[in-house]
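The following report concerns a single protein chain, shown below with its sequence, and begins with its nonpolar interior before turning to the overall fold.

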Amino acid sequence: MEMKALCMRCRDAKRKPTMQIMNNPKVSEKNNRFSAKGQCAKCGGNMFKFLSKDDAKKLK
Ligand SMILES: [Zn+2]
């Protein structure tokens, strides 16, 4: 599954964060809330995203 998240480093011409592909997403769960951490495919920077429970299941 392809995972996308906002990258704070990859900004557009208006300096807004852009959606980029997340490499090596790692899902974690805390207090029944799911999130994924990975690296931006474009710049290699760290990315973070909250996931729905369904999305977290698809990634496992
Ligand atoms: Zn990036």
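In this predicted model, the largest nonpolar core consists of 8 residues, namely Met3, Ala5, Cys7, Met22, Ala36, Cys40, Met47 and Leu51. The strands listed in the table each supply at least two residues of this core.

| Strand | Residue range |
|---|---|
| E1 | residues 4-11 |
| E3 | residues 33-40 |
| E4 | residues 46-51 |

Within the core, Cys7 can serve as an example: when residues up to four places away in sequence are not counted, Cys7 touches Pro17, Thr18, Gln20, Cys40, Lys42, Cys43, Gly45 and Met47. Of these partners, Cys40 and Met47 are themselves members of the core.

Leu6, which lies in strand E1, counts as partly exposed because it has 15 C-beta neighbours inside 10 Å, whereas a buried residue would need 20 or more. If its neighbours within four places in sequence are left aside, Leu6 is in contact with Pro17 and Met19. Leu6 and Pro17 stand 11 residues apart in sequence, with their C-alpha atoms 6.0 Å apart in space; Pro17 is also among the residues that Cys7 touches.

As for the chain as a whole, the protein has 1 helix and 4 strands, which follow one another along the sequence in the pattern β-β-β-β-α. The C-alpha trace spans about 35 × 20 × 15 Å along its principal axes, and buried residues make up 17% of the 60 residues in the chain. Among contacts between residues at least 6 apart in sequence, 28% join residues at least 24 apart.

Conventions:
Residues numbered from 1 in each chain as written. Predicted model: local features only at pLDDT ≥ 70, side-chain atom pairs only at ≥ 80, totals over all residues. Core = buried A, V, L, I, M, F, W, Y, C linked by C-beta atoms within 7 Å. Buried ≥ 20, exposed ≤ 12 C-beta atoms within 10 Å, placed from the backbone. Contact = placed C-beta atoms within 7 Å.
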